[in-house]
Amino acid sequence: MHYDVVIVGAGHGGAQAAIALRQAKFEGSIAIIGAEPELPYERPPLSKEYFSGEKTFERILIRPAAFWDERNVTMLTSTQVTAVDPEAHQVTTDTGATIGYGHLVWAAGGSPRRLACAGGDAVGVHTVRTRTDADRMLAELPKVNRAVVIGGGYIGLEAAAVLAKAGKQVVLLEALDRVLSRVAGEPLSRFFEAEHRTHGVDVRLGVTVDCIEARDGKAGGVRLAGGELILAELVIVGIGIVPAVEPLIAAGAEGGNGVSVDGHCRTSLPDIFAIGDCALHANAFADGMPVRLESVQNAHDQATVAAKAIAGIEAHYDAVPWFWSNQYDLKLQTVGLSTGHDATVVRGDPAARSFSVIYLKDGQVIALDCVNATKDYVQGRKLVVERMTIDPARLADAGTPLKELAG
Ligand code: FAD
C-alpha cells in the first residue's frame, strides 16, 4: 500500500489536514490512520456536552462518513502506527503491515498522564481523552454518588461541573495552591474555585494523593498524603498528557516534550510534518519560545499550514492562540497566551459573573481570559495581535469598549 499523503491520527489535526489538502486542490491519494475505532470527532465535548448527555456522538463527528468518501480520503481506523522508516518513506502498523508515503503528517496528539501511585489503574479510575473513556464513565455514572476529580485544569473542572450538575457529590483535588495555575492568572483561578464551591464542589487545594484505595481491583476512594480517605465510586484523573511521539523520536526526529517543527510544521525528518498537541513549535505569542499548545485552534491551524506546504502553497504558522471552556452557565473564551505575564487587570466585576482578565507583559497586552464577556474576547483580539500598550486604568474601565481603546 502506498499513499501520497499518510496522516497518522484521526483527531482534530488529522481531519483538518485532509480537509485542507483537498481545499488546496491536492489530487493525490490520502489515508488517515487512526488508533481509535471512530471517524474523527470533536474532543472538547467529552468533558462537556457529550459527558452531560446534551449531545449525541453523531453530533460531535467532525464530518459525516460520506464526506470522507466523497473526497476520496481512505480511513484506516483501529490501526496504530508503531514505527516510521524515514528513508524507506513507510510506516509500520500494529498488525505488522507497512504503508508507504510521499509525505507523512504526524497528528497523534497525546495520551493522558496516569497516576503513578498504588491503585492508579483500578476499575473506576478514569482519564478523559477518547470517546471510549467517556462512554466507560457514562456507563458507571448511574451507580455513582461520590466522585473525586484529581487535577484542577480545564478538563478536571469541566468534568466536575457536569458531575455536580448531575447531583453527584464531588471533591476536586489540586496539588498546587490554585486551580488553572498552569494556564491562567490568579483572579481567574479564584473565580472558578468560588463558582465550583457555590455549586457544591468541595475544592481542595495544595493536596497530594497518596494512593487509590481499591478492593478487588475496584476503586473505593482516594487516600491523601495526610492520611485522610475520601470515599468515591468514580475517580477522574485530569493531570495532563504525554505527547504521542515515540515512533517519530525513535526514527530520529528532533524533540523531547513533543516533536520539534519549524514554521511550516516540518519536523527534522524529510517529508514528515507534525501538528497539533504533539508539535513543539516556536510560537510568536510566546515570544518565539518553543511550546506545545493543546487546543483545537492550534491543531486546526497547524494542519492547514502543513497541508498548504504539501500542496506547494506558501504558508507560515503565526495564528493567534484561542481557547474556550464551558462550566455551568459560564462561557470562558481566551485569546493570546498569558504565560510570562507580569501584571493582570480585571475588567468588570467577577461577582456579576461577566468580566475579563487582561494579561500584560512590559505594559503590553498579551492575552485575555473573558468570562461571559464575548465582546471583550472579540474586541480584545486586536490588542493582543498588536501587543498594544494601554493604560491599565482604561483597560479596567468596563464602560469603555475595548475597540475604542484599540483605536
Ligand atoms: P487528537 O485530537 O488527540 O487526535 C490524535 C489521534 O491520534 C487520536 O485519535 C489518537 O488515538 C491517534 N493516535 C495516537 N497515536 C497514534 C498512532 N501511533 N497511530 C495511529 N493513531 C494514533 N481544546 C480546545 O481548544 N477547547 C476545549 O474546550 C477543549 N476541551 C477539551 C476537552 C477534553 C476532554 C480533551 C481531551 C481535550 C480538549 N481540548 C480542548 C483539546 C483538544 O481536543 C486538542 O487540543 C485537540 O484534540 C488536538 O488535536 P490533535 O489532532 O493534535 O490530537
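Let's start where the protein meets its ligand: a backbone N or O atom of G13 sits 2.7 Å from an oxygen atom of the ligand. That makes a polar contact, meaning a pair of N or O atoms within 3.5 Å. Keep in mind that this is a predicted model, in which local features need pLDDT of at least 70, side-chain atom pairs count only at pLDDT 80 or more, and totals for chains, interfaces and linings use all residues. Residues are numbered from 1 along each chain as its sequence is written, and side-chain values use heavy atoms, with hydrogens and water left out.

Side chains reach the ligand too. A polar side-chain atom of E36 lies 2.5 Å from a ligand oxygen, and an N or O atom in the side chain of R43 is 2.9 Å from an oxygen atom of the ligand. Of the 990 Å² that the ligand exposes when taken alone, the protein buries 94% (Shrake-Rupley method, 1.4 Å probe).

Now step back to the whole shell. The ligand is surrounded by 31 residues, and the closest are G13, E36, K48, R129 and D277; a residue is counted if one of its heavy atoms lies within 4 Å. By class, the shell has 14 nonpolar, 11 polar and 6 charged residues, with Gly counted as polar.

Finally, look at the cysteines. The count of disulfides is 0, where a disulfide is a pair of cysteine sulfur atoms within 2.5 Å. The sulfur of C117 is too far for a bond because its closest cysteine sulfur, in C211, is 6.2 Å away. For C278, the closest cysteine sulfur is in C265, and at 10 Å that is also too far for a bond.

How values were computed: Polar contact = N/O pair within 3.5 Å; in protein donor to acceptor, adjacent residues only side chain to side chain.
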